[in-house]
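User: I'm new to this structure and would like to learn how to read it. Could you take me through a few of its features, one at a time?

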Amino acid sequence: MRKTGLSIEGYIFHLMVESLQVRGGIYRNGTRPFDSKGEDAIVSFLSGRDGWDGFSQSGVVNVNVYVPNIEFGMPYLVKDVTRCEEIEEQLLSILEGHKTGDFLLETDGTPTTFADGDFHVVNIRVKYRYNRI
């Protein structure tokens, strides 16, 4: 049976809930509290398509982890480099260690970090392939 975008997002979400250690919450797309100041992860389905063989689906799911900036002398806030590196390593480890289930998971490029207000966001794109047998 084919999977929907939300069911694929849910699979990656549950994998993150079981394995990713963040200091805040882990949310699906559109459910993170608007005013959150915590270290939160958000899992979002980006794209998917059916394989030509009729038995597989593939696409990309996005995982963003919002890491709060840290103080660097008042009133300056800077990236928490140590914590961003820890998150990047965790995400890679989770994906490289995933060997079960109906999904083949790989990274779609190198994890990156970018600024977003009072946060730096660690981003990883997860390529999936689902085989319906």
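User: Let's start with contacts. Which residues does histidine 120 touch, not counting residues up to four places away in sequence?

Analyst: This is a predicted model, so keep that in mind as we go. For a contact, you look for heavy atoms within 4.5 Å. Histidine 120 touches Val65, Tyr66, Val67, Asn69, Lys79, Cys84, Thr113, Phe114 and Ala115, with residues up to four places away in sequence left out. Histidine 120 itself sits in strand 8. One of its partners, Cys84, is among the buried residues of helix 2.

User: Is histidine 120 buried or exposed?

Analyst: The idea is to compare relative accessible area with a cut-off: buried means under 20%. Histidine 120 comes in at 14% relative accessibility, so it counts as buried. You can also look at distance along the chain against distance in space: histidine 120 and valine 81 are 39 residues apart along the chain, while their C-alpha atoms are separated by 9.1 Å.

User: Okay, let me zoom out. How many helices and strands does the protein have?

Analyst: There are 2 helices and 8 strands. Reading along the sequence, you get the pattern α-β-β-β-β-β-α-β-β-β. The C-alpha atoms fill a box of roughly 60 × 25 × 25 Å along the principal axes. Of the 133 residues, 40% are buried. And if you take the contacts with a separation of 6 or more, 59% of them are between residues 24 or more positions apart.

User: How do I read a helix? What span does helix 2 reach from its first C-alpha to its last?

Analyst: You set the end-to-end reach beside what the residue count predicts. Helix 2 covers residues 81-96, which is 16 residues, and reaches 22 Å, close to the 22 Å expected at 1.5 Å a residue. Helix 1 can be read in the same way: with 15 residues it should span 21 Å, and because its end C-alpha atoms are 21 Å apart, the two agree.

User: Which residues of helix 2 are buried?

Analyst: They are Arg83, Cys84, Ile87, Gln90, Leu91, Ile94 and Leu95. They lie on the same side of helix 2, because they cover an arc of only 125 degrees around the axis. Turn to the face away from that buried side and you find the exposed residues Thr82, Glu89 and Glu96.

User: What covers the buried residues of helix 2?

Analyst: The cover includes helix 1 (5-19), strand 3 (56-68), strand 6 (103-107), strand 7 (112-116) and strand 8 (119-131). Leucine 95 makes a nice example from helix 2. With a relative accessible area of 3%, leucine 95 is buried. Beyond its neighbours within four places in sequence, leucine 95 is in contact with Leu105, Thr107, Ile124 and Val126. Its C-alpha atom is separated by 6.3 Å from that of glutamate 106, 11 residues apart along the chain.

User: How about the two helices together? Which residues meet where helix 1 and helix 2 touch?

Analyst: Leu15, Met16 and Ser19 from helix 1 meet Gln90, Leu91 and Ile94 from helix 2. The residues of that contact divide into 4 nonpolar, 2 polar and no charged. As for geometry, the axes come within 11 Å and cross at roughly 120 degrees, and the crossing is right-handed.

User: And which residues of helix 1 are buried?

Analyst: In helix 1 those are Ile8, Glu9, Gly10, Ile12, Phe13, Leu15 and Met16. They pack against strand 1 (26-28), strand 2, strand 3, helix 2, strand 6 and strand 8.

User: You mentioned strand 2. Where is phenylalanine 45, and what does it touch?

Analyst: Phenylalanine 45 is in strand 2 (residues 40-50). Leaving out residues up to four places away in sequence, phenylalanine 45 touches Gly5, Ile8, Glu9, Val60, Val61 and Tyr128. At 28% relative accessibility, phenylalanine 45 counts as partly exposed. Its C-alpha atom is separated by 6.1 Å from that of glycine 5, 40 residues apart along the chain.

User: Last one, a loop residue. Is glycine 101 buried or exposed?

Analyst: For exposed, the cut-off is over 50%. Glycine 101 has a relative accessible area of 59%, so it is exposed. You'll find glycine 101 in the loop between helix 2 and strand 6. Glycine 101 and tyrosine 130 are 29 residues apart in sequence, and 9.3 Å apart in space from C-alpha to C-alpha.

Key: Residues are numbered from 1 along each chain as its sequence is written. This is a predicted model: local features need pLDDT of at least 70, side-chain atom pairs count only at pLDDT 80 or more; totals for chains, interfaces and linings use all residues. Side-chain values use heavy atoms; hydrogens and water are left out. Helices (H or I, at least four residues) and strands (E, at least two) are DSSP runs, numbered from the N terminus. The expected span of a helix is 1.5 Å times one less than its number of residues. Buried means under 20% relative accessible area, exposed over 50%, partly exposed in between (1.4 Å probe, protein chains only). The arc is that of the directions from the helix axis to the C-beta atoms. Axes are lines fitted to C-alpha atoms, for helices over the stretch in contact, and angles run from 0 to 180 degrees between N-to-C directions. A crossing is left-handed if the near helix is turned anticlockwise from the far one by less than a right angle, and right-handed if clockwise. Ala, Val, Leu, Ile, Met, Phe, Trp, Tyr, Cys and Pro count as nonpolar, Asp, Glu, Lys and Arg as charged, and the others, Gly among them, as polar.
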